[in-house]
Amino acid sequence: MPVATYLKEIDKDSSNLIKALQTVQKHEGFISDENLKELAEYFSMPPVEVEGVVSFYAQFKRSKPGQFIISVCDGTACHIKGSDLVKNWITEETGIESGETDDEGVFSVETVACLGCCSLAPVMAVNGKVHGNLSRKKVQKTLRQYREEAHND
Amino acid sequence: MIKRIKVGTASCGIAAGADEVYDYLSKNVTDHDVVEVGCIGHCYAEPLVEVETEDRSYFFENVEPTEEDLKNILDVGEEKRLTFRKERKDKELLKVSRLAGRIVPTSLQEYKENGGYQALEKALEMDPDNVVEEVKNSGLRGRGGGGFPTGIKWGLLAAKEDETKILICNADEGDPGAFMDKSLMECVPHQVMEGMLIAAHATGASEVFIYVRAEYPRAIEHLTTAIDQIIENKINVLNGKEIGIQVKEGAGAFVCGEETAMIHSLEGKRGMPRFRPPYPTDDGYKGHPTVINNVESYANVPVIISEGADEYSKVGTEGSKGTKLFALAGDLEYTGIVEVPMGITIGEIVYDIGGAEKGSVKAVQIGGPSGGCIPAKHFDTPVDYDSLNSLGAIMGSGGLIVIGNNRCMVETARYFLDFTARESCGKCTFCRVGNMRLLETLERITKGNGTQADIDLLEDLGPKIVDGSLCGLGQTAPNPVLSTLRFFKDEYKAHVEDKVCPALVCNDLVEIEIDHDTCIECMACVKTCPVDAISDDIEVDVDTCTRCNSCIEVCPVDAISRIPLRGE
């Protein structure tokens, strides 16, 4: 869909670029080459400048993510409580590592700095919903539920 | 007689399953109101339910969405009753977080009923200069880490004649391990806004921005609701002058916590810091005079104005006044958020409030990746800006991670460097290249390939990165390495000289051993091993094993353990 449809509320001032990128990503799941060019036009700036902003911030994705995005927290508390193990467990279950998307387009895995739920470490979030006090079993169970949900859709 | 039932649904509660509890209670409780509140700081007990009766409140911990728990709650029974430990009650002092978790965060009415916006009213009757004076006299210093006196910053902005003056709330709480600001925004968004509006009156600011991490969706939601209510009720019209309020979401860059980087990010650009001076008070957002304060600093302001600077400054030490929120996590019993008077010792926080067992703790990491590790022998150090600096740590924003004896300090330092090396924006060579070199060196050491020359390199390069970097990120990035080298050099030496990780954490220096006398041959480990490294006669193939600990976790008789790697 052309990005302009999402941007009605957003003023063409270039200080709104990040907000516009966030809006586009919310709808499309990522920033495609197409979207990037349209945004550059919208804010009357060279595409390379938009790309510069996109590549600077960890939040923006340039490729299409899976239906469920697993964000493994690697904040301090999670790290000392074994976030490396959580990553292993997720890889066991999904076959993909951080930064990848599986072939069916069900899961993407990413590592994030801190979800701010340190007291429940180790934690991961799936599409923003946080799952805490993870064990191998809990990771398996949680991801299998999501997989089922994906199949039912 | 039950008045109403409150379920703590801040993001810590939700992660523990509070959403399900709330849904279950609201569906099955018909006679009383069931409402969602924030977090009272006792995160270890989540999901938490509070039953408000005519005369007092009862708290229930680890509540599940079951008939049994529901009945117990409605009967105000003894099961799962949360007791507030005396050790903690005696040490904490709830001022800034007084209302957190006690009121419905998005209810303006409830905030007002509990004294909300009275400080703003009082401030509006005062001359702006007097408000600035009051904040100066209170001794409030920036709660975001730097510790710059808030009142002095305000005075600089107030002195500017410009038409457009900007106030920014730094809510880009990027330190892994810190979640106090998140909690304040989720639980008492109106209090943060009240502080900002008082600041706007005092400094003559015309526009305010709140720069929040995108990773905090609930905080954004509650702030946005609060702002809508403020605008609807014209609370942002201060003596006839309307103040513009905007929430801006960050996009996941740690360096944006630095003020000039944050300003660039707000302008829609790459969030890179720049040289100061000019300071933001002279040349800030789009060239306008700008002041940036942290969430907790703003949340302190209504307290200062309500009780007056004299009363406020009675709490704390000579150079650090008031209270401080800490996020407690790591190897301790009672994780959560705690508000304590400045000057309390680290030991009191870790042992009395956190319930960590004496002797089980090696150090605390304070101030996140910019901070340092303080060893247990220095736990009598009072928590104030200056004492912590003298130990090579910083107050930081208030993340306090307790590190148990079973953790490796070299690996902890490696972890922080991995974070800062990735988050370096790349502008300054020392930060961009130097931190990468530190990281590579630490990786060599944790893999057992380090030499004495590597330790020398760390000691030599660290201070140069501090000197050669423009902003707070680079200037503090080597702190975790330098402070662990200062207090835990023996661990570095063990990795380098004996090729041993004393805490048995570094995977390349350990192997898995199965004690065949204890083993009951249940084969659980064989079946669990993700890489088939355990044979049918229950022997571990060291070369295939990834040290993932899956076998240790499933072993029902604890027959499997990590031991130092045996040589050839």
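Good morning. I begin at one residue pair: in strand β15(B), I401(B) is the bridge partner of A329(B). The model I am presenting is a predicted one, and this pair is a convenient point of entry to chain B.

A329(B) belongs to the pairing of strand β11 of chain B, residues 323-330, with β15(B); that pairing is parallel and runs over four bridges. I401(B) also has a residue opposite it in another strand, namely Q365(B). The strand concerned there is β13 of chain B, residues 361-366, which pairs with β15(B) in the antiparallel sense over five bridges. Strand β15 itself, residues 399-404 of chain B, is mostly covered, with five of its six residues buried.

Let me now step back to chain B as a whole. It contains 24 helices and 17 strands. The domain assignment divides chain B into domain 1 (2-84), domain 2 (108-312), domain 3 (323-404), domain 4 (409-498) and domain 5 (511-564). Between the centres of domain 3 and domain 5 of chain B, taken over C-alpha atoms, the separation is 36 Å.

What are the overall dimensions of chain B? Its C-alpha trace spans about 80 × 65 × 40 Å along the principal axes. The radius of gyration of chain B is 26 Å, and because a compact globule of 568 residues would come out near 24 Å, the two values agree. Of the 568 residues in chain B, 54% are buried. Considering contacts in chain B between residues at least 6 apart in sequence, 71% join residues at least 24 apart.

I turn next to a sheet in chain B. Four strands form an open sheet with parallel pairing, in the order β9-β6-β5-β10. Its edge strands are β9 (244-249) and β10 (290-294) of chain B, each of which pairs on one side only. On average, and ignoring direction, neighbouring strands of this sheet are turned by 20° against each other.

Within the sheet, β6 of chain B, residues 207-212, pairs with β9(B) in the parallel sense over six bridges. One residue of that pairing is Y211(B), whose bridge partner in β9(B) is K248(B). Helix α11 of chain B, residues 217-232, packs on the sheet and touches β6 and β9 of chain B; the angle between its direction and that of β9(B) is about 170°.

A second helix, α13 of chain B, residues 295-307, lies across β5 (166-171) and β10 of chain B, and it runs at about 85° to β10(B). Is α13(B) enclosed or open to the outside? Because 11 of its 13 residues are buried, α13(B) is largely enclosed by the rest of the structure. The buried residues include V295(B), E296(B), Y298(B), N300(B) and I305(B). Just after α13(B), G308(B) adopts a positive phi of about 90°.

Some backbone details deserve attention when you inspect the model. V76(B) is not a glycine, yet its phi is positive, about 50°. V76(B) sits in the loop between α3 (67-74) and α4 (86-91) of chain B. It counts as exposed because 12 C-beta neighbours lie inside 10 Å, and a residue with 12 or fewer is placed in that class. K499(B), likewise a residue other than glycine, has a positive phi near 55°. Its place is the loop between α22 (489-498) and β16 (510-514) of chain B. With 17 C-beta neighbours inside 10 Å, K499(B) counts as partly exposed.

There are also cis peptide bonds to report. In chain B, the bond from E46(B) to P47(B) is cis, with omega near -10°, and P47(B) lies in the loop between β2 (33-37) and β3 (49-53) of chain B. In chain A, a cis peptide bond joins A121(A) and P122(A), with omega about -5°. P122(A) is found in the loop between β2 (107-112) and β3 (124-126) of chain A.

That brings me to the contact between the chains. How many residues of each chain take part? On the side of chain A there are 37 residues, in contact with 46 residues of chain B. Elements of chain A that each supply at least two residues to this side are α1 (17-28), α3 (47-56), α4 (76-80), α5 (83-94) and β4 (129-131). The most is given by α4(A), with four residues. By type, the residues on this side of chain A divide into 20 nonpolar, 15 polar and two charged.

Thank you for your attention.

Terms used
Residues are numbered from 1 along each chain as its sequence is written. Chains are lettered from A and ligands numbered from 1 in the order in which they are written. This is a predicted model: local features need pLDDT of at least 70, side-chain atom pairs count only at pLDDT 80 or more; totals for chains, interfaces and linings use all residues. Two strands pair if DSSP finds at least two bridges between them. Axes are lines fitted to C-alpha atoms, for helices over the stretch in contact, and angles run from 0 to 180 degrees between N-to-C directions. Two residues are in contact if their C-beta atoms, placed from the backbone, lie within 7 Å. Ala, Val, Leu, Ile, Met, Phe, Trp, Tyr, Cys and Pro count as nonpolar, Asp, Glu, Lys and Arg as charged, and the others, Gly among them, as polar. A residue is buried if 20 or more other C-beta atoms lie within 10 Å of its own, exposed if 12 or fewer, and partly exposed in between; C-beta atoms are placed from the backbone. Domain bounds come from an automatic or database domain assignment. The radius of gyration is taken over C-alpha atoms; the globule rule is 2.2 Å times the number of residues to the power 0.38.
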